[in-house]
Amino acid sequence: MRVEQLGDGEPELAVVGAIHGDEPCGVHAIETLLDANPPVERPVKCIIANERALERNVRYTETDLNRVFPGDPDAPAYETRLAHEVLDEIRGCTTLSMHSTQSYSCPFALVEETDPFAEMIGPYLSIDAIVEVGDEFADALVGYVDVVEVECGMQGSQEAADNAVDLVYEFLTATGALPGAIDPTGALPVFALNDPIPKADGTDYAVHVENFQRIESGDTIATIDGHEIVAEQPFHPVLISANGYDRQFGYTAEKIDLLKN
Ligand SMILES: [Zn+2]
């Protein structure tokens with residue numbers, strides 16, 4: 001883990017990249033920020049979390065870091081020990097953590113719930129939607145600190161890297177670390193995550209629906225070796241992709257609200 005700081009004093013803000021080693025957009029954003037070294041009005045901790053996985057360009061080396069919080073300093077798995085260290089660094093910090101996906105090219109945010117914290121940050125980020133993960137990601141960072149996890153775009157793309165830079169600056173402006181005003185975006189749709197969409201064993205996977213677009217009962221969600229997976233009830237797919245996860249295509253979600261500002 002690499003930890004740097006902008007400004008003096010005990011940080012109450014943190015930006016985190018490379019929770020997943022094959023999502024380099026956050027690293028680019030943090031390095032861009034550190035190179036620019038802007039004068040900050042509040043100190044900011046900058047963390048590149050899973051350097052070992054980053055070096056190998058893999059999501060994780062032993063276990064998914066974002067599924068083992070709060071971690072354990074004595075655990076056998078590297079990422080479980082690392083989770084404990086990451087949490088130690090950012091506990092008490094208002095945090096932005098940057099990810100990228102195989103499912104959707106525009107940025108969106110994941111929060112535990114749409115609480116005043118999410119309402120304070122969300123409208124200032126260039127995002128399409130907010131996803132409330134609730135208990136579904138109980139072992140993720142989002143379950144342990146005031147964090148907005150942003151999906152910055154498609155994994156490995158230049159666009160995701162550029163978006164991550166914008167999102168870091170917007171986050172730091174929204175939280176008063178950087179001067180200046182930004183206009184809040186319009187109303188943001190909020191989706192509540194429900195169940196995973198399971199993915200059976202197969203070799204050829206395809207997805208036939210769009211993220212955040214409502215689908216109806218009877219619609220074909222995906223195919224596994226040509227076999228159709230059909231929706232039993234209407235829902236909005238979130239984080240859905242053919243090959244993003246091993247055991248699931250993504251999640252069902254429900255559109256619950258509009259976050260206005
Ligand atoms: Zn990720």
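A residue counts as buried under 20% relative accessible area, as exposed over 50%, and as partly exposed in between. Keep that scale in mind on this tour of a predicted model.

**Stop 1: Thr63**

Select Thr63 and try the scale on it: its relative accessible area is 23%, so Thr63 is partly exposed. You will find this threonine in the loop that runs between α2 (51-56) and α3 (78-90). Now show its surroundings. Leaving aside residues up to four places away in sequence, Thr63 touches Val68, Ala77, Glu79 and Thr80. Then add Asp246 to the selection: 183 residues separate Thr63 and Asp246 in sequence, while their C-alpha atoms are 13 Å apart in space.

**Stop 2: the whole chain**

Zoom out and colour by secondary structure. The chain has five helices and 13 strands. Its radius of gyration is 18 Å, close to the 18 Å that the globule rule gives for 261 residues, so the chain is as compact as a globular protein of that length. If you draw a box along the principal axes, the C-alpha atoms fill roughly 60 × 45 × 30 Å.

Switch on the surface next. About 11600 Å² is exposed by the chain, with carbon and sulfur atoms supplying 42% of that area. Of the 261 residues, 51% are buried. Among contacts with a separation of 6 or more, 69% are between residues 24 or more positions apart.

**Stop 3: Asp22**

Go to the loop between β2 (13-17) and α1 (25-36) and select Asp22. Which side chain of opposite charge is nearest to this buried residue? It is Arg59, but at 5.1 Å away, and Asp22 has no salt bridge. A salt bridge needs a side-chain nitrogen of Lys or Arg within 4 Å of a carboxyl oxygen of Asp or Glu, so a distance of 5.1 Å from Asp22 to Arg59 falls outside the cut-off.

Show Gln155 as sticks as well: its side chain and that of Asp22 are joined by a polar contact of 3.0 Å. Asp22 also touches Asn57, Val58 and Arg59, again not counting residues up to four places away in sequence.

**Stop 4: Arg59 and Glu23**

Stay with Arg59 and add Glu23. Side chains of opposite charge can pair when their charged atoms come close. Here the side chains of Arg59 and Glu23 meet in a salt bridge of 3.4 Å, N to O. Arg59 sits in the loop between α2 and α3 and Glu23 in the loop between β2 and α1, so the pair ties together parts that are 36 residues apart in sequence. Buried or partly exposed: which word fits each partner? Arg59 is partly exposed, with a relative accessible area of 23%, whereas Glu23 is buried at 2%.

**Stop 5: Glu89 and Lys45**

Select Glu89 and Lys45, which form a salt bridge with their closest N and O atoms 2.7 Å apart. This pair links distant parts of the chain, with Glu89 in helix α3 and Lys45 in strand β3 (residues 44-48), 44 residues apart. Glu89 is partly exposed, with a relative accessible area of 25%, and Lys45 is buried at 11%.

**Stop 6: a small network**

Finish by selecting Arg2, Glu4 and Glu31, which are joined into one network by salt bridges that share partners. Within it, the closest N and O atoms of Glu4 and Arg2 are 2.9 Å apart. Glu4 is partly exposed, with a relative accessible area of 31%, and Arg2 is also partly exposed, at 26%. If you would like to keep exploring, the whole structure holds nine salt bridges.

Conventions: Residues are numbered from 1 along each chain as its sequence is written. This is a predicted model: local features need pLDDT of at least 70, side-chain atom pairs count only at pLDDT 80 or more; totals for chains, interfaces and linings use all residues. Side-chain values use heavy atoms; hydrogens and water are left out. Helices (H or I, at least four residues) and strands (E, at least two) are DSSP runs, numbered from the N terminus. Buried means under 20% relative accessible area, exposed over 50%, partly exposed in between (1.4 Å probe, protein chains only). Lys and Arg count as positive and Asp and Glu as negative; His and the chain ends are not counted. A polar contact is a pair of N or O atoms within 3.5 Å; within protein, one must be able to donate a hydrogen and the other to accept it, and residues adjacent in sequence count only if both atoms are side-chain atoms. Contact means heavy atoms within 4.5 Å. The radius of gyration is taken over C-alpha atoms; the globule rule is 2.2 Å times the number of residues to the power 0.38. Accessible areas come from the Shrake-Rupley method with a 1.4 Å probe; for residues, only the protein chains shown count as cover.
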